[in-house]
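Got your viewer open and a selection box ready? Let's take a walk through this one, stop by stop.

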Amino acid sequence: MNSALPALDRRGFFRISALAGGGFFLGSFSAQAADSSPEAFSPNAYVRITPEGAVTIFSKNPEVGQGIKTSLPMIIAEELEIPWEKVTVEQAPVNEKSYGRQVAGGSMSTPTNYDTHRKMGAIARVMLVEAAAKEWGVPASECEAIAGEVVHKSSGKKLGYGALATAASKLPIPDQNSVPLKKVADFKLLGKRIGGVDNPKIVTGQPLFGIDQKQPGLKYACYVRCPVFTGKVKEANLDEIKKLPGITDAFVIEGTADHYGLLPGIAIIGIDTWSTFQARKALKVTWDSDTKESFAAHAAKAAELMKEGKAANEIRRSGSPEFPDDGKTISGSYHYPHLSHANLEPQNCTAVFKDGAVEVWAPTQNPGPGFDGIAKALGIPKEKVTIHMTRIGGGFGRRLMGDFMIECAAIAQKLEGTPVKVTWTRDQDLAHDYYRAGGWHHFRGRLDDSGKLATWADHFVTFGLNSDERTGNGADLGGDEFPSRFVPNLLLERTILSSNTPLGWWRAPGSCALAWAIQGFIDEMAHAAKKDPLDFRLELLGEDREVPASGGRGVPYNATRMKGVLRLAAEKSGWGEKLEPGRGRGIAFHFSHLGYVAVVADVTVSKEGVLKVNKLTAACDVGPIMNLSGAENQVQGSMIDGLSAAWFQEILVENGAVQQTNFHEYPLLTMKDAPRVEVHFAKSDFPPTGLGEPALPPTAPAITNAIFAATGKRVRTLPLAKQDLSWS
């Protein structure tokens, strides 16, 4: 997912000098915006400095808990030479003409904004230095910005940024390509531990999140969809519902069969959320739906398809992937289930429709689909849709979709002039998600005479949304997926099962599942080769080099960096130490979202099969770190999330409906099961990458590989909680 800012030329930077009382307002806008009316430019600012010296930096991307609201402004502050304690951070308004795509997804916020944000800060710094030089009548080269002041080095004169703001606003804007950027070695702020800018408000319970939103005259709503995806309302006891205490209205919204648009359902409006939830329990609906979707039936079909020799669509073939019947072929079938995002803050949205326009407040990772979907559903121009981003209480890809915004806007249109907040219950959240696709892999592998991996085959069975030709969101396998570029003989095949279950981007899309299956079978090959799992992987990666992509979802792959994190994780975890029976260590690595991460898991399994994950050790190479505190938290959270999913979670669909209703059936990891987590970053001068996702994919395979080391039992089906891990 790319959240790139539009390429900025010199005209792409501008000043708004009309701040009340003077001051300096520096922003950016795209070439398209540059040709627009003056009114379109006004909100497009990143840096604001008032004559009083107040420095405000606007953060453009959604804050999902990943810390981007803190780390992106840190990049500007670093180049601006302003102490962090003097900066106020504000969430930027939603305006993609000004800021480019404002999206939190794919761990791309840092890599796509790093260079631009550095230039933002540097341009402001250069203009402030120039203003001071003019004031003193000296060359700018004799002046330097230090800690929010400009200093004339020979005379020692100083002027604060506030004193220079108005004069700086009258200067020509320097070319972004000529402004000097600081050397990474000179960074004072980036790489340090900085607390999140919202932390004081979070710990004191101040309103920040979507669910906190209030408007004058607000009504509250719940929205009841058919338990079976896209089912419609045939009839309902709405007259009875409208008479219930606290209920002011109830009506049907026809909707469409578009999984990603306005889905059919019943809106119940009340004076508070509790009343609408109580009314929902009394609602009696006859639904029009005939789908009998069954995950169990899909599993049976997949098992049949994966029998060797069954025809499948070829993704990639190279070399001579032959598997003669000579007893030397290793094979194994892996399966993982659907998963829900299960955000702690359930879906919610607030909206008001008035005079043909709608204003929306939403915890959205991606406002873009909201604009499109709302305009289409309400039959109004996109220009009549305003979206305000709130802080988000958990996203993991769920809030890349705009369905909850669209349904709230549609309800608001029915209540013209009255603001309304829609809140989902937990069971609604689990029943109407866009799920991480389950899948099946049947692997075959062969070793050469020296014990190296020589031949690799994977028949992947996955899902398509009402299609057996096109995979659903996040469900695909690319031709460059590891170990494709490292094995001389390769065969990747795919079969798609048509399904009515909506699929979406779960944390580390694709990689979250593929890494587990692939790294598990690589471990099986290492065991067959009678080699240490670390040594086998290092040997597979081969010489230090960059391996080019050959198509598919691949990008160039740096074997040197991957070997580096493998060795670092091994070193920090005590890899190779002799352990007592029932205790084992497993290792895995993965390259995803431009980040290189290896994980070593240390587990103990009792003879009765009780699992304890003692420790997870991660080694990451993601280039320079922006905020060390946020970076560590992202890696720790990814590994805990990966462990939680692998251990406990699955979504089952039977008779067209999701079976799990709440956390008692879809558990999250609790503190008693949480392991010690250790994070190490490799020093690297490569461009920075995001960290919200890369540490999750290698976590599950490191754990199941450790279970094999401890027990001799190979886990090929998730979740772990359903597997018999006992040993003797």
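At roughly what angle do the axes of helix 10 and helix 11 cross, and within what distance do they come? Select residues 367-378 for helix 10 and 403-414 for helix 11: the axes cross at roughly 35 degrees and come within 9 Å. Axes here are lines fitted to C-alpha atoms, for helices over the stretch in contact, and angles run from 0 to 180 degrees between N-to-C directions. Helices (H or I, at least four residues) and strands (E, at least two) are DSSP runs, numbered from the N terminus.

Some ground rules before moving on. This is a predicted model, where local features need pLDDT of at least 70, side-chain atom pairs count only at pLDDT 80 or more, and totals for chains, interfaces and linings use all residues. Residues are numbered from 1 along each chain as its sequence is written, and side-chain values use heavy atoms, with hydrogens and water left out.

**Stop 1: still at helices 10 and 11**

Helix 10 passes helix 11 in a right-handed crossing (the near helix is turned clockwise from the far one by less than a right angle; anticlockwise would be left-handed). Now show side chains. From helix 10 you want Gly370, Gly373, Ile374, Ala377 and Leu378, which meet Met405, Ile406, Ala409, Ala410 and Gln413 of helix 11. Contact means heavy atoms within 4.5 Å. Colour this contact by class and you get 7 nonpolar, 3 polar and no charged residues. For that colouring, Ala, Val, Leu, Ile, Met, Phe, Trp, Tyr, Cys and Pro count as nonpolar, Asp, Glu, Lys and Arg as charged, and the others, Gly among them, as polar.

**Stop 2: helices 4 and 5**

Next, select 109-136 (helix 4) and 161-169 (helix 5), which pack at an angle of about 90 degrees with their axes 9 Å apart. That makes helix 4 roughly perpendicular to helix 5 (under 35 degrees counts as roughly parallel, over 145 as roughly antiparallel, 65 to 115 as roughly perpendicular and the rest as oblique). Helix 4 brings Arg125, Met127, Leu128, Ala131 and Ala132 to the contact, and helix 5 brings Tyr161, Leu164, Ala167 and Ala168. The class count for helix 4 with helix 5 is 8 nonpolar, no polar and 1 charged.

**Stop 3: the five-stranded sheet**

Which order do the strands of the open sheet follow? Read across it as 14-22-21-20-15, 5 strands with mixed pairing. Two strands pair if DSSP finds at least two bridges between them. The edges are strand 14 (313-318) and strand 15 (330-336), each pairing on one side only. Neighbouring strands in this sheet are turned by 15 degrees against each other on average, direction ignored.

Helix 13 (511-528) packs on the sheet and touches strand 15, strand 20 (439-447) and strand 21 (453-465); the helix direction makes about 155 degrees with that of strand 15.

Start at one edge: strand 14 runs antiparallel to strand 22 (489-499), joined by 5 bridges. Click Arg317 and look across to Leu491 in strand 22. At the other edge, strand 15 pairs with strand 20 in the antiparallel sense over 7 bridges. There, His335 stands opposite Trp440 in strand 20. Keep Trp440 selected, because its bridge partner in strand 21 is Val461.Strand 20 and strand 21 run antiparallel with 8 bridges joining them, and they form a hairpin with 5 residues between them, where Gly451 in the turn has a positive phi of about 85 degrees. Try a surface view, too: 8 of the 9 residues of strand 20 are buried, so strand 20 is largely enclosed by the rest of the structure. Buried means under 20% relative accessible area, exposed over 50%, partly exposed in between (1.4 Å probe, protein chains only).

**Stop 4: strand 16 and its partners**

Select 348-354. In strand 16, 6 of the 7 residues are buried, so this strand is largely enclosed by the rest of the structure. Strand 19 (420-423) pairs with strand 16 in the antiparallel sense over 4 bridges, with Ala351 opposite Val420. Strand 17 (357-362) is antiparallel to strand 16 as well, through 5 bridges; find Val352 and its bridge partner Glu359. Strands 16 and 17 make a hairpin with 2 residues between them, and Asp355 in the turn has a positive phi of about 55 degrees.

**Stop 5: two buried charged residues**

Is Arg714 buried or exposed? Arg714 sits in the segment after helix 17 (699-711) and is buried, with a relative accessible area of 17%. Beyond its neighbours within four places in sequence, Arg714 is in contact with residues including Tyr334, Asp523, Glu524 and His527.

Finish at Asp673, in the loop between strand 29 (657-658) and strand 30 (676-681). Asp673 is buried, with a relative accessible area of 17%. Leaving aside neighbours within four places in sequence, Asp673 is in contact with Leu643, Trp647 and Phe648.
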